[in-house]
Amino acid sequence: MSDELKPDASAANAPETEPVGRHARVVLVDDHRMFRTGVQAEIGRTETTGVEVVGEAADVDQAVTVITATRPEVVLLDVHLPGGGGVEVLRRCAPLMAAADNPVRFLALSVSDAAEDVIGVIRGGARGYVTKTITGTDLVDSIFRVQDGDAVFSPRLAGFVLDAFASTDAPPVDEDLDRLTQREREVLRLIARGYAYKEIAKQLFISVKTVESHVSAVLRKLQLSNRHELTRWATARRLV
């Protein structure tokens, strides 16, 4: 786990002083409990940050349930989640994002800076994408900017998001990658990260046999022979 949200050294350096009248209700969605606890400790001091954490979730189903029940202003959304990933959360919460009154807005917070991940959640409707190297102070600022309707990106990510959409209205096409289903992409990514089949099954709440079936399908579609070739293929596309 690379939960790299940088603490602000100490409470003394924590997100400062309450901006009068500024308040945001936030849900944390991340499959690592310790990371959620760290983010909560960093930004959840409502009296000083203005951020109120009203719910947490560790997978897609929990996220949809908690977000629907609490209707937060902003959701901090991890990209890689059991049950279909952040994109699936966005798809199932689309009506909440489109609501005329009090729309729910999503800010991706992930360790990944892979173009595939960033473009995927932006296509899905997220208002921004920051990596877990962000400081607590900057994360609080990003939350309020997203609440206000701004688009927020970590500096390097903003560059290639602009590049991806600058020359055409159509998203960049990877014909090989587009042959894979969302689940097959999740399995591919975990294979490339060195997970064993049993670990993938546990991560995605599926059986080992189903994992094997997905790997076989990925190999066939990409015309590859083994997991080492899969890893090289995924690494070349920055999917890991």
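**Close-up 1. Salt bridge between Lys132 and Asp78 in the predicted model.** The side chains of Lys132 and Asp78 meet with an N to O distance of 4.0 Å. This pair joins distant parts of the chain, 54 residues apart. Lys132 sits in the loop between β5 (128–131) and α7 (136–147), and Asp78 sits in the loop between β3 (74–77) and α4 (85–92). Lys132 has a relative accessibility of 2% and therefore counts as buried, the cut-off being under 20%. Asp78 is also buried, because its relative accessible area is 5%.

**Close-up 2. Network of salt bridges with Asp30, Asp78 and Lys132.** Asp30 is linked with Asp78 and Lys132 in a network of salt bridges. A search of the whole structure finds nine salt bridges. The Lys132 and Asp78 pair of the preceding view belongs to this network.

**Close-up 3. Salt bridge between Glu184 and Lys221.** The closest N and O atoms of Glu184 and Lys221 are 2.9 Å apart. The two residues lie in helices from distant parts of the chain: Glu184 in α10 (residues 182–192) and Lys221 in α12 (residues 208–222), 37 residues apart. Glu184 has a relative accessible area of 6%, so Glu184 is buried. Lys221, with a relative accessible area of 25%, is partly exposed.

**Close-up 4. Salt bridge between Asp176 and Arg179.** In this pair, the closest N and O atoms are 2.4 Å apart. Asp176 is partly exposed, with a relative accessible area of 27%. The value for Arg179 is 43%, so Arg179 is partly exposed as well; the partly exposed class lies between the buried limit of 20% and the exposed limit of 50%.

**Close-up 5. Surroundings of Ser112 in a loop.** Ser112 is found between β4 (105–110) and α6 (115–124). Its relative accessibility is 5%, so Ser112 counts as buried. The side chain of Ser112 makes a polar contact of 2.5 Å with the side chain of Asp117. A polar atom of the Ser112 side chain also lies 3.1 Å from the backbone nitrogen of Ala114. Which residues is Ser112 in contact with, leaving aside its neighbours within four places in sequence? These are His80, Asp117, Tyr129 and Thr131. Asp117 thus appears both in this list and as the side-chain partner in the 2.5 Å polar contact.

How values were computed
Residues are numbered from 1 along each chain as its sequence is written. This is a predicted model: local features need pLDDT of at least 70, side-chain atom pairs count only at pLDDT 80 or more; totals for chains, interfaces and linings use all residues. Side-chain values use heavy atoms; hydrogens and water are left out. Helices (H or I, at least four residues) and strands (E, at least two) are DSSP runs, numbered from the N terminus. Buried means under 20% relative accessible area, exposed over 50%, partly exposed in between (1.4 Å probe, protein chains only). A polar contact is a pair of N or O atoms within 3.5 Å; within protein, one must be able to donate a hydrogen and the other to accept it, and residues adjacent in sequence count only if both atoms are side-chain atoms. Contact means heavy atoms within 4.5 Å.
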